[in-house]
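Let's take a walk through this fold together, one part after another. Keep the sequence and the model side by side as you read.

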Amino acid sequence: MSLRTILTFPDPVLRKKAIKVTEFDESLQGLIADMTDTMYDAPGVGLAAPQIGESIQLIVVNASQEADGRDTLVMVNPEIIEKEGSQVDEEGCLSVLDLTASVKRSKKITVSYQDKTGQSLEMTAEDRFSVILQHEIDHLHGVLFIDHLSTLKRALYKKKIKKMMAAKQ
Ligand code: NI
């Protein structure tokens, strides 16, 4: 197990569509362990494989309801098969530095996925937990939460990042 570097916008890997996982082998288990460690170390409530440069359909989420609790949920090849209602909640992302913003998403979703052994499962999530899953699944499609903001807000953020990057050089 080891901590991995979290890539940040505008890294091109974050924009790639992740490929399906077909082998539930030792290297996948190692990657899941690394992602879990990296998520809790950050700390974050969720992490998608593309965020550490692995463009595959894998996410880890902290499903604990307790403030400092840890209940790791691993989803392989997750797909939203039902959505209902809408809600607006504040979001941030380990790959999008220095920004949190209100994002409109579905209120309730049902996700089909495989666990780390390859077993097919379904889960229904609501409210904040549903937001986290939608955010992480977006990463597998090359979508970041800033893509849900207005064109103006997104443009302002891109400008800010350009400035930050120029200042570092
Ligand atoms: Ni994110």
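How many bridges join strand 6 to strand 7? There are 7 of them, and the two strands run antiparallel. Please bear in mind throughout that this is a predicted model.

## The sheet

Strand 6 and strand 7 belong to an open sheet of 5 strands, whose order is 1-2-3-6-7 and whose pairing is antiparallel. Strand 1 (46-48) and strand 7 (120-126) are the edge strands, each of them pairing on one side only. From one strand to the next, the twist averages 40°. As general background, the strands of a sheet pair through backbone hydrogen bonds, in either a parallel or an antiparallel way.

On one side, strand 6 (residues 108-114) is joined by 6 bridges to strand 3 (residues 72-84), and these two also run antiparallel. You can find the register from two places: Ile80 stands opposite Val111 in strand 6, while Val76 has Gln114 as its bridge partner in that strand. Of the 7 residues of strand 6, 6 are buried, so this strand is largely enclosed by the rest of the structure.

On the other side comes strand 7, where Ala125 stands opposite Ile109. Strand 6 and strand 7 form a hairpin, with 5 residues between them. Take a look at Gly118 in the turn, which has a positive phi of about 100°.

## Helices on the sheet

Helix 1 (residues 26-41) lies across strand 1, strand 2 (58-62) and strand 3, and runs at about 40° to strand 2. Helix 2 (residues 127-139) packs on the sheet too, touching strand 1, strand 2, strand 3, strand 6 and strand 7. The direction of helix 2 makes about 125° with that of strand 7.

What does helix 1 place in the interior? Its buried residues are Leu28, Leu31, Ile32, Asp34, Met35, Thr36, Thr38, Met39 and Tyr40. These buried residues pack against strand 1, strand 2 and strand 3. The length of helix 1 can be checked as well: at 1.5 Å a residue, its 16 residues should span 22 Å, and the end C-alpha atoms are 23 Å apart, which agrees.

## The nickel site

Which residues are the protein donors of the nickel ion? They are Cys93, through SG, and His135 and His139, each through NE2, lying 2.1 to 2.2 Å from the ion. Along the sequence, the donor residues are spaced C-x41-H-x3-H.

Both histidines, His135 and His139, lie in helix 2, 4 residues apart, or about one turn of the helix. An α-helix has 3.6 residues a turn, so residues three or four places apart point the same way. Are these two donors buried or exposed? His135 is buried, and so is His139.

## An aromatic pair and a buried loop residue

A search of the whole structure finds 1 aromatic pair. It is formed by Phe9 and Tyr157, and it is tilted, with 5.9 Å centre to centre and 40° between the planes. Phe9 lies in the segment before helix 1 and Tyr157 in helix 3 (residues 151-168), so the pair ties together parts that are 148 residues apart in sequence. Tyr157 is buried, with a relative accessible area of 3%. Phe9, at 12% relative accessibility, also counts as buried, because the cut-off for buried is under 20%.

Phe9 turns up again among the contacts of Leu144, a residue in the loop between helix 2 and helix 3. Leaving aside neighbours within four places in sequence, Leu144 is in contact with Phe9, Leu14, Arg15, Val96 and His139. One of these, His139, is a donor of the nickel ion. Leu144 counts as buried at 1% relative accessibility. Its C-alpha atom is 8.6 Å from that of Ser95, although the two residues are 49 apart in sequence.

## An exposed residue

To finish, have a look at Glu23, found in the segment before helix 1. Glu23 counts as exposed at 53% relative accessibility. Glu23 and Lys168 are 145 residues apart in sequence, and 40 Å apart in space from C-alpha to C-alpha.

Technical notes: Residues are numbered from 1 along each chain as its sequence is written. This is a predicted model: local features need pLDDT of at least 70, side-chain atom pairs count only at pLDDT 80 or more; totals for chains, interfaces and linings use all residues. Side-chain values use heavy atoms; hydrogens and water are left out. Two strands pair if DSSP finds at least two bridges between them. Axes are lines fitted to C-alpha atoms, for helices over the stretch in contact, and angles run from 0 to 180 degrees between N-to-C directions. Contact means heavy atoms within 4.5 Å. Buried means under 20% relative accessible area, exposed over 50%, partly exposed in between (1.4 Å probe, protein chains only). Donors are N, O and S atoms within 2.8 Å of the metal (3.2 Å for Na, K and Ca); water is not among the atoms, so sites may look incomplete. The expected span of a helix is 1.5 Å times one less than its number of residues. Rings of Phe, Tyr and Trp (its six-membered ring) pair if their centres lie within 6.5 Å; planes under 30 degrees apart count as stacked, over 60 as edge-to-face and the rest as tilted.
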